[in-house]
Amino acid sequence: MDGVPLGARFSIATNRLQYCGPADAEPLLYAAITKGERVEEARRALARFEALLPYLEAIGRKHHLDPFDRRVVEAYWIGNDLLDAFERRDFLDLLDGLTRRGLPRSVAHRLAEHLPDRPIPHHVFHVAFVGVGAVTGHVPTTLLNMESCRPAWGRVTEVTGASIHLAAPQLVAEANRFGLGPERSVEIPHDPKVLPGVRVGDQVAYHWSCAALVLSSDQAGALRRYTERSLTAANEALPGLNVLG
């Protein structure tokens, strides 16, 4: 799958909610997802999502790849080995990119002071370390919003005309640390044009309660693994950042 439609699958929900990206992006993203059309326009729209492009550029720069190469986009939203070579100095450069997109310099400075040894340019690390809404200011950083914003996954237990029911682990915060709690039942909207043929037993990734992708077994394992690595890295910084109050 090309990187633009893949990225659109995870980005369309926040655009619908008017949290990220240009106001006219949704039909472009939807066309790229469902028809493979208007892909270049969708790429230009995704490049205007405030926090997205600095991460894709950082991963691409590290590996001499286009920011919208499929493996780069997959690394950020799901996780793959492109993330493994990332170092602290790489993330410091990334923070500079985020400040150019709206992250307050005072916040970037505080984050740089508490940067963990192995930061990871994955969206879960952004959620847990930089913070939901920290770049745009459109969303408060609460545990509920963090759970909504992370690329989550669940096993399909039922498919109805308009919904998918999932058994999915939830983000928890205990003793000033983030982790994954036990599976709970989650119901999210189902658009058959986005996920045609989804069935019971599939592993589905979702973002802001929007079904994004049926995961292969390798992708499902990678999303769990890099989510856990992201939370471990973010937990190193939490005492200094006092994220959880």
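Is Q18 buried or exposed? In this predicted model, Q18 counts as exposed, because its relative accessibility is 67%. Q18 lies in the loop between α1 and α2 (26–35), and its phi is positive, about 65 degrees, although Q18 is not a glycine. The points below take up the surroundings of helix α4, the pairing of α6 with α7, selected salt bridges, backbone positions with positive phi, and two buried histidines.

**Helix α4 and its surroundings**

- Helix α4 covers residues 52–63, and because a rise of 1.5 Å a residue predicts a span of 16 Å for its 12 residues, the distance of 17 Å between its end C-alpha atoms agrees with expectation.
- The buried residues of α4 are L52, L53, P54, Y55, L56, A58, I59 and G60, and these buried residues pack against α1 (3–16), α3 (39–46), α5 (70–77), α6 (88–100) and α8 (123–131).
- Just after α4 comes H64, a residue with a positive phi near 60 degrees.

**The pairing of α6 with α7**

- Two packed helices are described by the angle between their axes and the distance between the axes.
- The axes of α6 and helix α7 (residues 105–113) come within 10 Å and cross at roughly 170 degrees, and because angles over 145 degrees count as roughly antiparallel, α6 is roughly antiparallel to α7.
- On the α6 side the contact is made by R88, L92, L95 and T99, and on the α7 side by R105, A108, L111 and A112.
- Sorted by class, the residues of this contact between α6 and α7 comprise 5 nonpolar, 1 polar and 2 charged residues.

**Salt bridges**

- Side chains of opposite charge can pair when their charged atoms come close.
- With a cut-off of 4 Å between a side-chain nitrogen of Lys or Arg and a carboxyl oxygen of Asp or Glu, the count comes to 12 salt bridges, three of which are described in the points that follow.
- R44 forms a salt bridge with E40, with 3.9 Å between the closest N and O atoms; because R44 and E40 are 4 residues apart in helix α3, about one helical turn separates them.
- An α-helix has 3.6 residues a turn, so residues three or four places apart point the same way.
- R44 counts as partly exposed because its relative accessibility is 49%, and E40 likewise counts as partly exposed, at 47% relative accessibility.
- D81 and R71 also meet through their side chains in a salt bridge, at 2.4 Å from N to O, and this pair links distant parts of the chain, with D81 in the loop between α5 and α6 and R71 in helix α5, 10 residues apart.
- D81 is partly exposed, as its relative accessibility is 46%, while R71 is partly exposed with a relative accessible area of 31%.
- A further salt bridge joins R150 to E147, the closest N and O atoms being 2.8 Å apart; R150 and E147 are both buried.

**Positive phi in the β4–β5 loop**

- Most residues other than glycine have a negative phi, and most peptide bonds are trans.
- W208, although it is not a glycine, has a positive phi of about 50 degrees, and W208 is placed in the loop between β4 (203–207) and β5 (210–215).
- W208 counts as buried because its relative accessibility is 12%, whereas Q18, with its positive phi of about 65 degrees, counts as exposed at 67% relative accessibility.

**Two buried histidines**

- H126 belongs to helix α8 and is buried, with a relative accessible area of 6%.
- Although H126 and L52 are 74 residues apart along the chain, 10.0 Å separates their C-alpha atoms.
- When residues up to four places away in sequence are not counted, H126 touches A51, Y55, Y76, G131 and V135, and among these Y55 is itself a buried residue of α4.
- H165 is found in strand β2 (residues 163–174) and is buried, with a relative accessible area of 17%.
- Apart from neighbours within four places in sequence, H165 is in contact with R155, V156, T157, E158, T160, V186 and E187.

Conventions: Residues numbered from 1 in each chain as written. Predicted model: local features only at pLDDT ≥ 70, side-chain atom pairs only at ≥ 80, totals over all residues. Heavy atoms only, no water. Expected span 1.5 Å × (residues − 1). Buried < 20%, exposed > 50% of the residue type's maximum accessible area, 1.4 Å probe, protein only. Contact = heavy atoms within 4.5 Å. Axes fitted to C-alpha atoms, helices over the stretch in contact; angles between N-to-C directions. Parallel < 35°, antiparallel > 145°, perpendicular 65-115°, else oblique. Nonpolar A, V, L, I, M, F, W, Y, C, P; charged D, E, K, R; others polar.
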